Amino acid sequence: MPDSLADGRYRRERDAADPDETLAELMSGHVEQPTAAFGAYDPVSDRSQALVLSVTGVYGTVLSPVTARDELLRVLDRRDNGPVPLVGPRTITPPGSQEPLQCRVTTRRMPDVDFDTVEAACTWADASTVATVSEVLRPTVKPEDVNLDAFASEVDTIRNDVRAD
């Protein structure tokens, strides 16, 4: 994962967890020679509505992008104790892009804490990458106020930063 994303708007956390190799194993029926990828990033601006942005996915030869994207979402939802969709999912093709993203806003109970978080997330798959970009939002952000179209445009930039060639 690169040290920064979206033209420097996010900087990589050095203390972030390593990629979850189990994810690569679980995606092996949809991705040949899967390699798990993970990066956590802090917003550079204090004015961001995000607390942290993460990129989670698998690199390799993707056999069917739509099927692989759907499977990645199922795997992550099981792993993350079934986030509850609040907005979406919506398919969004950002302006200037030819590639759609599947985006949603969810809430989920964080392990070992007594509160729920709200996250915006967009997921995609192409010939070599299956990934989701998610933002844990500040508690002051209401789910209905999340601009998924703007977030999808941000993720489109990030997608270009992290996709495998």
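Mentor: Let's start with a term: buried means under 20% relative accessible area, exposed over 50% and partly exposed in between, with a 1.4 Å probe and protein chains only. This is a predicted model, where local features need pLDDT of at least 70, side-chain atom pairs count only at pLDDT 80 or more, and totals for chains, interfaces and linings use all residues. Residues are numbered from 1 along each chain as its sequence is written, and side-chain values use heavy atoms, without hydrogens and water.

Trainee: Thanks! How many residues of strand E7 are buried?

Mentor: Strands (E, at least two residues) and helices (H or I, at least four) are DSSP runs, numbered from the N terminus. E7 covers residues 116-125 and is largely enclosed by the rest of the structure, because buried residues make up nine of its 10. The count you want is nine.

Trainee: What is the order of the strands in the open sheet?

Mentor: Two strands pair if DSSP finds at least two bridges between them. The sheet has eight strands, and their pairing is antiparallel. At its edges are E1 (4-5) and E5 (84-92), each of which pairs on one side only. Read across, the order is E1-E2-E3-E4-E8-E7-E6-E5.

Trainee: Now for the neighbours of E7. How many bridges join E6 to E7?

Mentor: E6 spans residues 101-109 and runs antiparallel to E7. One place to look is Arg104, whose bridge partner in E7 is Ala121. The number of bridges joining E6 to E7 is eight.

Trainee: Which residue in E8 is the bridge partner of Thr123?

Mentor: E7 also pairs with E8 (residues 129-137), in the antiparallel sense and over seven bridges. For Thr123, the partner to find in E8 is Thr132.

Trainee: How many residues lie between E7 and E8 in their hairpin?

Mentor: In the sheet order, E8 comes just before E7. The two strands form a hairpin, and their seven bridges are antiparallel. Between them, the residues number three.

Trainee: And how many bridges join E4 to E8?

Mentor: E4 precedes E8 in the sheet order, and the two run antiparallel. The bridges joining E4 to E8 come to nine.

Trainee: Which residue in E8 does Leu53 stand opposite?

Mentor: E4 takes in residues 50-62, and its nine bridges lead to E8. Follow Leu53 across to E8 and you arrive at Glu135.
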